[in-house]
Amino acid sequence: MIAYITRRLLYAIPILIGVNVITFTLFFVVNSPDDMARVQLGVKRVTPEAVQKWKEERGYDRPLLYNEAAAGAGALTDTIFFRNSVRLFAFDFGRSDQGRNIGFDVRTRMWPSLAIAIPVFLVGLLLYVTSALITCLFRATYVDFWGVVACVVMMSISSMFYIIGGQYLISKLWGLVPISGYDIGPNALKFLALPVVVGIVGGFGESVRLYRTLFLEEINRDYVKTARAKGLSETRVLFRHVLQNAMIPILTGVVVAIPLLFMGSLVTEAFFGIPGLGSYTIDAINSQDFAIVRAMVFLGSVLYIIGLILTDISYTMVDPRVRFE
Amino acid sequence: MPFKLEILWTDALIYLLLALVAALWWHIRRHEHLAAPWRKVARNASGMSAATVLVFFVVIGLADSLHYRPAIEMRDGKAIYAVEVLSVFDTLAGGLRAQKATTYSAPLATHRYSRELIELPDGRQVRDYPRLKYGGAHLKDPDTEWGPDIARRCLYGIAGGALIWLVVAALLCAVLARGGTADTGRMWGAVWRGETEVPWRAVLVTLAVMLAVGGPIVALSGKYHVLGTDKVGQDVLYQALKSIRTGLLIGTLTTLIMLPFAILFGAMAGYFKGRVDDAIQYLYTTLSSIPSVLLIAAAVLMMQVYIEIHVDRFETTIQRADFRLFWLCFILGVASWTGLCRLIRGEALKLRELEYIQAAKAFGVSDFRIIARHIVPNVMHIVLITAVLNFSALVLAEAVLAYIGVGVDPTMMSFGGMINSARLEMAREPIVWWSLATAFCFMLLMVLSANLFADAVRDAFDPRISAVKPARPAAQTP
């Protein structure tokens with residue numbers, strides 16, 4: 001198993017190199033650092049000196065790929081590509097265009113993100129799977145029919161309406177929790193409650209419907225008929241036999257998302273003023289801080305690849321037929 | 001009045017798409033095996049109701065995709081054209097676009113939303129709600145006339161709607177009766193009892209509901225701001241109708257752009273295997289490992305820089321907005337082709353081992369021909385299902401992107417833009433709810449009908465689903 005994981009991690013390297021080449025092309029080749037400097041400093045009335053100063057402060061005055069002026073290895077390392085793209089492999093994110101230490105920001109801001117993402121993920125999964133099994137229990141009755149109708153309507157509503165509606169109803173009208181903000185310690189609870197609830201409700205329709213389809217595909221298999229023929233109650237059949245066998249397709253979608261929980265949710269965090277990585281990314285996009293966006297792209301890809309590896313490992317846990325080759 | 005046709009990139013593409021759909025329609029009609037699943041879609045009542053609603057959106061979107069520049073004046077036999085680009089829809093909407101209030105006003109209001117200092121004719125100044133410039137301006141005494149006037153216009157609207165509905169229903173029955181043996185009257189009965197193969201009753205009921213809501217709105221919109229006005233006095237109904245085109249374009253053009261990549265790469269990876277497969281798999285794993293929101297954000301940021309630097313390349317603001325919309329679709333397409341590509345690759349891997357493809361190979365048919373004639377037609381059901389499922393996801397994604405600040409151009413009306421500017425108004429006291437409510441209703445209607453239609457298409461085309469369904473116990477089927 002360790003050999004397998006090592007091999008998978010080695011496979012990840014060319015992919016991350018690919019990601020780096022894509023972001024490098026997007027950020028430095030499509031538009032030159034000069035263009036970026038001009039936009040940052042305001043397009044009109046910008047002097048060449050100001051552009052040069054902006055680039056020097058951020059280290060963007062180096063050549064893109066090959067530095068003829070530098071000696072020895074410096075020809076390759078003293079370039080924008082090496083300093084801003086290759087260094088990411090060591091998780092050295094450098095400084096943002098505003099001069100902040102990105103690595104430090106990421107380490108401090110991931111906790112609020114996790115404080116929302118983990119409860120949403122765990123409680124949500126439990127709730128969705130249970131609800132889907134209940135609709136299966138009542139399959140082909142009006143409960144099932146209206147349940148599916150409710151799911152389709154819920155998944156047709158933009159996530160922003162859940163947030164705006166939740167803030168209006170629960171915070172403004174009923175005054176149960178503050179509209180937005182964040183605090184550390186036990187005080188955080190009242191700030192986190194609404195984002196978590198909104199997050200769970202927002203994902204309800206799509207997930208329940210998906211899981212319901214997965215369960216229904218299992219429900220007419222022979223082993224389920226055998227279980228019923230043995231005289232097991234329908235609840236037991238569903239919650240034990242069907243659930244266990246439907247775990248594989250469920251895991252495919254779920255496990256890959258676990259590492260990405262670190263990144264937080266962009267919209268939720270921004271709406272509720274949670275100082276997590278999601279709102280960090282949005283702020284970076286709005287202030288056109290490309291260094292942060294680059295770092296987040298790299299971080300997101302790394303987490304996604306870890307998620308893929310975790311997915312494969314989780315298969316062996318739920319399905320003894322799957323073995324590492 | 002002379003005018004100059006202004007063909008925007010997205011206009012050209014949407015009409016290209018329309019032509020493609022028409023060509024496909026013609027092709028499918030002539031081939032029974034292709035038409036069979038579509039007949040199944042046509043038998044689905046909820047799918048057909050959803051399609052009726054979608055037709056309404058598509059018609060508005062297409063009318064809004066024919067742009068022209070009207071001539072302002074004639075000089076020496078040559079026309080001088082306005083800088084402002086209008087669409088056919090703008091012309092049809094007429095007053096909706098031009099009749100602006102100054103600031104917020106509630107739906108159907110005759111007075112402004114907040115008190116202001118007004119100077120009376122005798123020189124005295126009072127704080128009161130000023131009358132609106134257009135909304136209910138024809139009323140002499142709004143306090144007494146407003147209610148009856150609204151009721152009267154609603155009645156006219158409903159009557160007009162009923163008339164249209166009757167004409168459509170009669171035409172439909174006449175056309176249906178011509179194909180069969182029954183006469184129009186008997187056909188009417190058959191439709192009404194739900195005995196026709198295609199659920200025309202569901203379509204007619206949907207149409208009736210739409211006309212019952214739409215008729216009064218049309219009747220009222222001439223003299224009132226039916227859904228209120230926003231901060232700068234723009235009619236909210238007009239904004240919502242204009243947003244339809246943006247949503248439609250993002251939902252369809254993105255798919256149009258990604259399909260060639262996904263089909264070609266997917267079919268090639270599955271058919272050739274080996275090196276080609278490795279290269280294509282590497283490409284899509286790399287692309288899909290970047291979180292799509294970040295990829296889109298990064299690309300849009302770069303495009304913004306490009307637009308700001310090359311601002312002189314765009315003659316009008318609408319051209320700039322159109323360029324941005326086009327690239328947004330392109331980027332969304334690049335970010336989303338990987339899922340479909342993976343599905344097609346899997347299917348092509350299975351197909352290449354089948355006898356008829358082995359036979360084609362043995363006859364010496366070229367690889368390119370096998371992919372074009374045997375692989376691609378046999379993965380089309382996956383393509384179709386993905387395309388219709390993607391549509392609603394893309395319409396929803398537009399709203400999120402607008403909030404993040406990487407959506408369509410701010411001058412272009414879109415549901416995301418409406419939500420984005422309306423969400424702050426919820427904090428006002430008393431709250432301004434109509435912008436948000438309008439965006440909510442239109443978006444829900446569009447996405448919901450797209451979802452229902454997608455379900456109907458999937459039920460008809462997915463071989464797995466048709467295999468699963470009959471296996472359900474017969475007694476439990478409702």
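## A298(B) and the main core

In this predicted model, A298(B) touches T23(A), L26(A), V293(A) and V297(A), leaving aside residues up to four places away in sequence. A298(B) is also one of the residues with the most contacts inside the largest nonpolar core, a group that it shares with V293(A), I296(B), A297(B) and L301(B). That core has 170 residues, and the helix that gives the most to it is α14 of chain B (residues 367-404), with 18 residues.

Separate from this core is a second one of 17 residues, which includes V129(A), M155(A), Y211(A) and V237(A).

## The contact between the chains

The contact between chain A and chain B takes 45 residues from chain A and 42 residues from chain B. On the side of chain A that touches chain B, the elements giving two or more residues include α1 (2-29), α9 (188-218) and α14 (290-318) of chain A, and the largest share, 8 residues, comes from α14(A). Sorted by class, this side of chain A has 31 nonpolar, 11 polar and 3 charged residues.

## A helix pair in chain B

Within chain B, helix α9 (residues 236-272) packs with helix α16 (residues 434-461) at an angle of about 35°, and their axes are 10 Å apart; the crossing of α9(B) past α16(B) is right-handed.

From α9(B), the contact is made by V236(B), A240(B), S243(B) and G247(B), while α16(B) supplies W434(B), S435(B), T438(B), A439(B), F442(B) and M446(B). The contact of α9(B) with α16(B) has 6 nonpolar and 4 polar residues, with no charged residues.

Terms used
Residues are numbered from 1 along each chain as its sequence is written. Chains are lettered from A and ligands numbered from 1 in the order in which they are written. This is a predicted model: local features need pLDDT of at least 70, side-chain atom pairs count only at pLDDT 80 or more; totals for chains, interfaces and linings use all residues. Two residues are in contact if their C-beta atoms, placed from the backbone, lie within 7 Å. Helices (H or I, at least four residues) and strands (E, at least two) are DSSP runs, numbered from the N terminus. Ala, Val, Leu, Ile, Met, Phe, Trp, Tyr, Cys and Pro count as nonpolar, Asp, Glu, Lys and Arg as charged, and the others, Gly among them, as polar. A nonpolar core is a set of buried Ala, Val, Leu, Ile, Met, Phe, Trp, Tyr and Cys residues joined through C-beta atoms within 7 Å. A residue is buried if 20 or more other C-beta atoms lie within 10 Å of its own, exposed if 12 or fewer, and partly exposed in between; C-beta atoms are placed from the backbone. Axes are lines fitted to C-alpha atoms, for helices over the stretch in contact, and angles run from 0 to 180 degrees between N-to-C directions. A crossing is left-handed if the near helix is turned anticlockwise from the far one by less than a right angle, and right-handed if clockwise.
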